[in-house]
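Subject: Structure handover

Hello,

Here is the structure I said I would pass on. Please keep it open while you read the notes underneath.

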Amino acid sequence: MPELNERDTKEIVREKYAEAARQASSGSACCGSVTSCGCADPITSNLYDQSNAAELPEEALRASLGCGNPTALAKLNPGETVLDLGSGSGIDVLLAARRVGPTGRACGLDMADEMLALANENKRKSGIENVEFLRGEIENIPLPHNSVDVVISNCVINLSTDKDRVLREAFRVLKPGGRFAVSDVLTRGEILPEIRRNVLLWVGCVAGALEESEYRSKLAAAGFERIDIEARRIYKIEDARQVLSGKGIDVDGIARSVEGKFMSAFVRASKPLTAWRAAQTDPARILRE
Ligand SMILES: C[S@@+](CC[C@H](N)C(=O)[O-])C[C@H]1O[C@@H](n2cnc3c(N)ncnc32)[C@H](O)[C@@H]1O
């Protein structure tokens with residue numbers, strides 16, 4: 001199969017989630033044609049508890065396509081501004097908006113118009129007002145430098161073909177001292193490329209998930225400090241058995257080399273406060289960074 005270029009991959013991702021939004025809007029979410037992400041599967045199921053469910057329109061919960069619950073793990077304070085990269089149906093944006101309260105603000109960013117329409121409909125149904133959904137790409141965030149207290153995201157960065165750029169953009173829009181608090185799919189240790197590709201396709205990561213240490217290096221290269229990666233859900237080979245055997249893969253043969261190596265994790269990091277001091281001594285620097 002020929003290698004997909006960046007534009008092709010992005011278009012496949014966009015169309016896949018546009019279709020997921022159409023299914024959710026028509027009430028037929030979710031299992032079936034949208035791959036594993038979006039089904040009641042081991043990746044996306046049971047991420048939100050009863051108290052979250054009580055706060056949200058049922059449609060938003062049904063259309064959840066994440067692999068974690070970043071607002072449950074992140075510290076969010078009243079009055080803060082939160083940005084959700086790849087906000088989908090808006091579930092984490094609405095939860096964040098409640099947490100930061102009326103003096104705060106929650107923003108969702110997504111490239112699929114169909115998802116933005118669904119998110120705005122969920123905003124309307126929720127009655128939550130301190131929320132805004134923006135159209136755009138996470139590789140080119142349409143917000144000014146140093147404007148956000150917390151960047152959250154739920155199972156989206158693994159979809160990007162330019163993760164360095166996404167992390168640099170997250171760093172740029174965060175205020176000095178701002179927090180990065182993201183749920184994502186990661187891999188751990190060495191995995192044969194063929195197996196890695198097939199399992200990640202099962203997980204729904206067209207562009208591929210980062211290996212844990214690679215994620216750390218990329219965050220550090222973008223300028224982040226206090227980096228912490230916490231495995232939250234480790235995927236089992238049994239969960240992928242049907243899909244992998246359908247591709248002619250000897251699932252029992254590869255089980256040992258897959259076990260414990262694919263996971264959803266919570267990734268935390270901070271933008272150093274020194275970025276602020278640097279700006280005070282050299283104001284042009286923070287705009288360049
Ligand atoms: C796996 S879904 C997760 C949605 C949401 N975070 C959730 O937890 O339900 C991925 C979402 O990210 C969006 N997305 C993927 N790649 C993107 C990109 N490069 N820029 C902006 N949005 C993107 C998709 O349109 C989709 O809505």
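The notes below go from the chain as a whole to single residues.

Overall

Please bear in mind that this is a predicted model. The chain is built from 13 helices and eight strands. Of its 289 residues, 53% are buried. Among contacts with a separation of 6 or more, 76% are between residues 24 or more positions apart. The exposed surface of the chain comes to about 13,100 Å², and carbon and sulfur atoms supply 51% of that area.

Aromatic rings

How many aromatic pairs does a search of the whole structure find? The search returns two. In one, Phe-171 and Phe-224 have ring centres 5.2 Å apart and planes at 90°, so this pair is edge-to-face. Phe-171 belongs to helix α7 (residues 163-173), while Phe-224 is in the loop between α9 (212-222) and β7 (225-234), so the pair ties together parts that are 53 residues apart in sequence. Phe-171 and Phe-224 are both buried.

The other pair is Phe-180 with Phe-224: their ring centres are 5.3 Å apart and their planes at 50°, so it is tilted. Phe-180 lies in strand β5 (residues 174-187) and Phe-224 in the loop between α9 and β7, so this pair ties together parts that are 44 residues apart in sequence. Phe-180, like Phe-224, is buried. Through these ring pairs, Phe-171, Phe-180 and Phe-224 are linked into a cluster.

Phe-171 also has a charge over its ring: the charged end of Lys-271 sits there, 4.7 Å from the ring centre.

Cysteines

A disulfide is a covalent bond between the sulfur atoms of two cysteines. With a cut-off of 2.5 Å between cysteine sulfur atoms, the count of disulfides is zero. Several cysteines are buried nonetheless, including Cys-67, with a relative accessible area of 3%, and Cys-107, at 8% relative accessibility. Cys-155 also counts as buried, at 6% relative accessibility.

Backbone angles

Cys-155 comes up again here, since its phi is positive, about 70°, although the residue is not a glycine. Cys-155 is placed in the loop between β4 (148-154) and α7.

Arg-226 is another residue other than glycine with a positive phi, in this case near 50°. Arg-226 lies in strand β7. Is Arg-226 buried or exposed? Arg-226 is exposed, with a relative accessible area of 63%.

Gly-248, just after α10, has a positive phi of about 80°.

Helix α10

Which residues of helix α10 (residues 237-246) are buried? They are Ile-237, Ala-240 and Leu-244. These residues cover an arc of only 70° around the axis, which puts them on the same side of α10. The face turned away from that buried side carries the exposed residues Gln-242 and Gly-246.

That is what I have for this model.

Regards

Notes: Residues numbered from 1 in each chain as written. Predicted model: local features only at pLDDT ≥ 70, side-chain atom pairs only at ≥ 80, totals over all residues. Heavy atoms only, no water. Buried < 20%, exposed > 50% of the residue type's maximum accessible area, 1.4 Å probe, protein only. Helix = DSSP H or I, 4+ residues; strand = E, 2+ residues; numbered from the N terminus. Arc of directions from axis to C-beta. Phe/Tyr/Trp six-rings, centres within 6.5 Å; stacked < 30°, edge-to-face > 60°. Lys NZ or Arg CZ within 6 Å of the ring centre and 35° of its normal. Contact = heavy atoms within 4.5 Å. Areas by Shrake-Rupley, 256 points an atom, 1.4 Å probe, with all protein chains shown as cover.
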